[in-house]
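Okay, hi everyone, thanks for squeezing me in. Let me put the model up on the screen, and then I'll walk you through it piece by piece.

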Amino acid sequence: MPPKLPELTKEKAAYLASRGKSRSEIRDKLGISEASVTRLLREAYDTDKILINAPPELNLRNPALEGKLERELFGEDELFSKLRGKSKQRLKMLRVFDVSENASIGEGFSSAAADFIVVNYFTKSTKVAVTWGATITSLVDAVQKAAPLLRPHEKSRKGLEFFQVCGDPPGSNANPLQRSSTLVAQLVRALTPSQTPKNTFSVEAAIPSSFSEHELDVIRSYIQNIQGYGNVFKAAPGGRQRLAFEPDYLLTSCSSGQNKQDQWLSDCADISGMKPGELANLVVGNLGGYWLPKSGLGKREQKFLDDINARWVGIGLEDINDIAKRGGVILLAFEEYKAEIVMELVERRLISSLLISSQLAKKIKKL
């Protein structure tokens, strides 16, 4: 009689196989013989416990079990416990995607994250706010590619709406594919094709500093009347905009102030009359476009940054914090250089669900 193996060993073997791991790799990962691996995979296939013939990043049969296996196999439990503690229990979920370094990390991460988000979030919500940027663009592209496979779950997405919560990147050289309006329209077509995008608008993401504070108020009053904008934002005291609806989830990414090549960093520096390096010295990074200050800024530096954020035509920190309190802020990140900004966002209690690559997880552990 074969020796009794630890709980879920069969499921772990099948799950690793579904992610393209060889029998020898499964043997080394689980610490069992290759003969046991062969037997377990045969049993898993025969009993249909897990779809081991499904694409590596797609397992719709049992998302809860998949999450448990992922944590146990790739060490999320310890990291999640530490990050959750730093967030004072605000962080509700950590999901690490084991992305092969031989392939494009961004594409592999987005493909795995897309299936997970649709099944675990979009099927349980009615209102999803969407920011912008290269990471979210890659994710939406993966959602569009996976849409035919996800159609059996279409009924569970009845009533689902997507909302644009960022203006468009300024300048003629801005990538139109990375606009929040474009991304929302693509999600609607892919996941709720019977609907038409109604929660989008065409407004630049920042009001230049050449306009005075009085002119800023006038411009905001004008923007409030633009079609689609009023579905998303409402005027608030002090000239700021607040969300006009209560999202179940905010789908967003972040960028570090360390990345001097960041286009949004350059754009905001131009708008404020600063050099990119000067702005980078004031911030730890941005969350969906909103800049977060470094601690210990002087009054002059803080005023500069407050003015930049006051001219931001997008979701603000107050609304992000409210959504995080309700457990709805989903942050996606896979680049290693984002480790410090991710840690900062966790500690500032602005993240509810953290979806990262295994490469970024290793970097965070070093911190």
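Let's start at Arg 242, which is partly exposed, with a relative accessible area of 25%. Which residue does the side chain of Arg 242 meet in a salt bridge? That would be Asp 322, at 3.1 Å from N to O. The pair joins distant parts of the chain: Arg 242 belongs to strand 5 (residues 241–243), Asp 322 belongs to helix 14 (residues 317–325), and they are 80 residues apart. Asp 322 is also partly exposed, at 29% relative accessible area. There's a third member too, since Arg 242, Asp 319 and Asp 322 are linked in a network of salt bridges.

Before I go on, keep in mind that this is a predicted model. The salt bridge count comes to 10, and I'd like to show you two more of them.

Take Lys 145, which has a salt bridge with Asp 141, with the closest N and O atoms 3.3 Å apart. How far apart are these two in helix 7 (residues 134–150)? They're 4 residues apart, so about one helical turn separates them. Lys 145 is exposed, with a relative accessible area of 64%, while Asp 141 counts as partly exposed at 36%.

Next, look at helix 5 (residues 76–86), where Lys 82 and Glu 78 both lie, again 4 residues apart, or about one turn of the helix. Their side chains meet in a salt bridge, 3.5 Å from N to O. Buried or exposed, what is Lys 82? Lys 82 counts as exposed, at 52% relative accessibility, and Glu 78 counts as exposed too, at 55%.

Okay, on to the sheets. As a quick reminder, strands of a sheet pair through backbone hydrogen bonds, either parallel or antiparallel.

Here we have an open sheet of 6 strands with parallel pairing, in the order 1-11-10-6-2-3. Which strands stand at the edges? They are strand 1 (93–97) and strand 3 (161–164); each has a single partner strand, so one side of each is left without a neighbour in the sheet. If we ignore direction, neighbouring strands of this sheet are turned by 20° against each other on average.

Zoom in on strand 6 (residues 249–252) and strand 10 (residues 329–333), which pair in the parallel sense over 3 bridges. Leu 251 stands opposite Ile 330 in strand 10. And what lies across strand 1, strand 10 and strand 11 (353–357)? That's helix 16 (residues 358–366), running at about 105° to strand 11.

The other sheet I want to show you is an open one of 3 strands, with antiparallel pairing and the order 7-8-9. Strand 7 (254–256) and strand 9 (290–293) stand at its edges, each with a single partner strand, so each has one side without a neighbour in the sheet. The twist averages 25° from one strand to the next. Strand 8 (residues 283–287) pairs with strand 9 in the antiparallel sense over 4 bridges, and Val 283 stands opposite Pro 293 in strand 9. Helix 13 (residues 299–310) lies across strand 8 and strand 9, at about 165° to strand 9.

Now for the rings. How many aromatic pairs does a search of the whole structure find? It finds 13. One of them is Tyr 229 with Phe 233, a tilted pair at 5.1 Å centre to centre, with 40° between the planes. Why tilted? Because stacked needs planes under 30 degrees apart and edge-to-face needs over 60, and 40° fits neither of those. Tyr 229 counts as buried at 2% relative accessibility, and Phe 233 is buried at 0%.

Elsewhere, ring pairs link Phe 97, Phe 109, Phe 116, Tyr 121, Tyr 249 and Phe 334 into a cluster. Phe 116 has another partner as well: Arg 95 lies over its face, 4.7 Å from the ring centre.

Two last stops. In helix 15 (residues 339–347), the buried residues include Ile 341, Met 343 and Leu 345, and just after that helix, Arg 349 takes a positive phi of about 60°. Finally, Thr 9 is in helix 1 (residues 9–18) and counts as buried at 7% relative accessibility. Leaving aside its neighbours within four places in sequence, Thr 9 is in contact with Leu 30, Ile 32 and Leu 40.

That's my tour, so go ahead with questions!

Methods: Residues are numbered from 1 along each chain as its sequence is written. This is a predicted model: local features need pLDDT of at least 70, side-chain atom pairs count only at pLDDT 80 or more; totals for chains, interfaces and linings use all residues. Side-chain values use heavy atoms; hydrogens and water are left out. Rings of Phe, Tyr and Trp (its six-membered ring) pair if their centres lie within 6.5 Å; planes under 30 degrees apart count as stacked, over 60 as edge-to-face and the rest as tilted. Buried means under 20% relative accessible area, exposed over 50%, partly exposed in between (1.4 Å probe, protein chains only). A charge sits over a ring if NZ of Lys or CZ of Arg is within 6 Å of the ring centre and within 35 degrees of the ring normal. Two strands pair if DSSP finds at least two bridges between them. Axes are lines fitted to C-alpha atoms, for helices over the stretch in contact, and angles run from 0 to 180 degrees between N-to-C directions. Contact means heavy atoms within 4.5 Å. A salt bridge is a side-chain nitrogen of Lys or Arg within 4 Å of a carboxyl oxygen of Asp or Glu.
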